[in-house]
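Grab a pencil and work through a few exercises with me. Try each task on your own before you read the solution.

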Amino acid sequence: MQRIRLRYTKRGRLRFTSHRDFQRAFERALRRAEVPMAYSAGFTPHPKVSYANAAPTGTGSEAEYLEIALTEARDPERLRLLLDESLPAGLDVVEAVEARTSGLADRLTASVWELRLDGVESAEAEAAVAAFNAAPAVEVQRRTKNGVRTFDTRSAVAHLESVTTHDSPADRPTDRPCAILRLVVRHVTPAVRPDDVLSGLRAVADLAPPVPAAVTRLAQGLFDEETGAVTDPLAPDREAEAPVPHPAAASAAAKAPA
């Protein structure tokens with residue numbers, strides 16, 4: 001059995017698809033591309049697909065991950081192209097590697113998010129960010145299936161800043177005043193989402209964008225506590241790829257006596 005790990009995106013209007021919507025679209029793409037999928041056992045077999053930490057509905061993403069199991073070996077790049085052609089524009093498969101290490105989900109410990117706040121001046125956003133970073137705790141409430149929960153958003157945010165770049169893959173560029181926030185959020189329990197951080201900014205600095213924020217996940221991976229960086233979760237699989245022997249070395253090995 002071969003395992004392939006994929007990175008895909010949710011762009012444009014497709015950011016409004018739910019995780020279940022994506023699952024259905026992806027399984028249709030597997031059938032269209034005639035991928036030799038491995039199936040689970042039992043009365044209702046289903047394709048062996050492992051989804052990891054999907055982004056909330058309504059947010060864009062440049063870094064969603066999943067893993068599939070195949071019954072026959074396939075070239076990862078060829079498989080990526082076939083699946084990308086079989087998915088709607090906006091759900092784009094941008095990277096594929098053979099899984100040569102274990103624990104992909106364990107390497108997704110933090111996310112880098114970008115928030116576009118249309119109608120918010122940069123100075124206002126910078127003041128709110130400073131107030132949030134200076135606070136020892138920022139508690140917000142969120143309604144869950146078990147009722148309203150109160151939790152601290154500040155402890156989950158490893159980094160938060162206001163940036164001035166306009167060269168970004170985030171949705172909805174605009175000529176109006178637009179503050180851009182970048183934040184690194186640890187994956188904790190209960191999960192702290194970008195909208196929770198916006199609620200925290202409203203609580204500590206009364207920051208209230210006039211229109212909903214455009215939220216895009218730029219990256220997710222293992223969080224390095226020393227550098228504050230979020231590392232590429234597929235890098236260990238690339239590094240573990242078996243080196244291709246040099247033709248001269250292969251020829252010498254073939255002629256060597258047993």
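Helices here are DSSP runs of H or I with at least four residues, and they are numbered from the N terminus. Keep in mind that you're looking at a predicted model.

**Exercise 1: a helix and what comes after it**

Task: Check the span of helix α4 against the expected one, then find the sign of phi at Asp-206.

Solution.
- Step 1. Helix α4 covers residues 194-205, which makes 12 residues.
- Step 2. From the first C-alpha to the last, α4 reaches 16 Å, and that is close to the 16 Å expected at 1.5 Å a residue.
- Step 3. Now look just past the helix: Asp-206 follows α4, and its phi is positive, near 55 degrees.
- Step 4. As for burial, the buried residues of α4 are Pro-194, Asp-196, Val-197, Leu-198, Gly-200 and Leu-201.

**Exercise 2: salt bridges across the chain**

Task: Find the salt-bridge partners of Arg-5, Arg-11 and Arg-182, and say which parts of the chain they tie together.

Solution. Side chains of opposite charge can pair when their charged atoms come close. The cut-off to use is 4 Å between a side-chain nitrogen of Lys or Arg and a carboxyl oxygen of Asp or Glu.
- Step 1. Arg-5 pairs with Glu-67, with the closest N and O atoms 2.6 Å apart. This pair links distant parts of the chain, since Arg-5 belongs to strand β1 (residues 2-10) and Glu-67 to strand β3 (residues 60-70), 62 residues apart. Both Arg-5 and Glu-67 are buried.
- Step 2. Arg-11 makes a salt bridge with Asp-92, and here the closest N and O atoms are 3.1 Å apart. Arg-11 is in the loop between β1 and α1, and Asp-92 is in the loop between α2 and β4, so the pair ties together parts that are 81 residues apart in sequence. Arg-11 is partly exposed at 33% relative accessible area, while Asp-92 counts as buried at 17%.
- Step 3. Arg-182 meets Glu-114 at 2.5 Å, N to O. Arg-182 sits in strand β9 (residues 178-186) and Glu-114 in strand β5 (residues 110-118), so their pair ties together parts that are 68 residues apart in sequence. With 22% relative accessibility, Arg-182 counts as partly exposed; Glu-114 is buried, at 0%.
- Step 4. Next, follow shared partners: Arg-3, Arg-5, Glu-67, Arg-107 and Asp-237 are joined into one network of salt bridges. In total, the count comes to 18 salt bridges.

**Exercise 3: aromatic rings**

Task: Classify the ring pairs Tyr-8 with Phe-22 and Phe-22 with Tyr-51.

Solution. A pair of aromatic rings is described by the distance of the centres and the angle of the planes. Planes under 30 degrees apart count as stacked, and over 60 as edge-to-face.
- Step 1. The whole structure holds three aromatic pairs. In one of them, Tyr-8 and Phe-22 have ring centres 4.1 Å apart and planes at 5 degrees, so this pair is stacked.
- Step 2. Tyr-8 lies in strand β1 and Phe-22 in helix α1, so-called distant parts of the chain, 14 residues apart. Both residues, Tyr-8 and Phe-22, are buried.
- Step 3. Phe-22 and Tyr-51 form an edge-to-face pair, with 6.2 Å from centre to centre and 85 degrees between the planes. Phe-22 is in helix α1 and Tyr-51 in strand β2 (residues 49-52), so the pair ties together parts 29 residues apart in sequence.
- Step 4. Phe-22 counts as buried at 3% relative accessibility, but Tyr-51 counts as partly exposed at 22%.
- Step 5. Put together, ring pairs link Tyr-8, Phe-22, Phe-26 and Tyr-51 into a cluster.

**Exercise 4: empty space**

Task: Describe the lining of the largest cavity and of the largest pocket.

Solution. Rolling a probe the size of a water molecule over the atoms shows where empty space is left.
- Step 1. There is one cavity of 30 Å³ or more, and the largest cavity holds about 50 Å³ of space.
- Step 2. Its lining residues include Tyr-8 and Phe-22 from the ring exercise, along with Lys-10, His-19 and Glu-64. Both β1 and α1 supply at least two lining residues.
- Step 3. By class, the cavity lining has four nonpolar, three polar and two charged residues.
- Step 4. The largest pocket holds about 230 Å³ of space. It is lined by 15 residues, and the closest to its centre are Asn-53, Pro-56, Ala-191, Val-192 and Arg-193. The elements giving two or more residues to this lining are β5 and β9.
- Step 5. By class, the pocket lining has nine nonpolar, three polar and three charged residues.

Technical notes: Residues are numbered from 1 along each chain as its sequence is written. This is a predicted model: local features need pLDDT of at least 70, side-chain atom pairs count only at pLDDT 80 or more; totals for chains, interfaces and linings use all residues. Side-chain values use heavy atoms; hydrogens and water are left out. Buried means under 20% relative accessible area, exposed over 50%, partly exposed in between (1.4 Å probe, protein chains only). The expected span of a helix is 1.5 Å times one less than its number of residues. On a 1 Å grid over the protein atoms alone, a cavity is a set of points where a 1.4 Å probe fits but cannot get out, and a pocket is an open set with protein on both sides within 12 Å along at least five of seven lines; lining residues have an atom within 4 Å of a point. Grid points are joined across faces, edges and corners, and a volume is the space filled by probe spheres set on the points. Ala, Val, Leu, Ile, Met, Phe, Trp, Tyr, Cys and Pro count as nonpolar, Asp, Glu, Lys and Arg as charged, and the others, Gly among them, as polar. Rings of Phe, Tyr and Trp (its six-membered ring) pair if their centres lie within 6.5 Å; planes under 30 degrees apart count as stacked, over 60 as edge-to-face and the rest as tilted.
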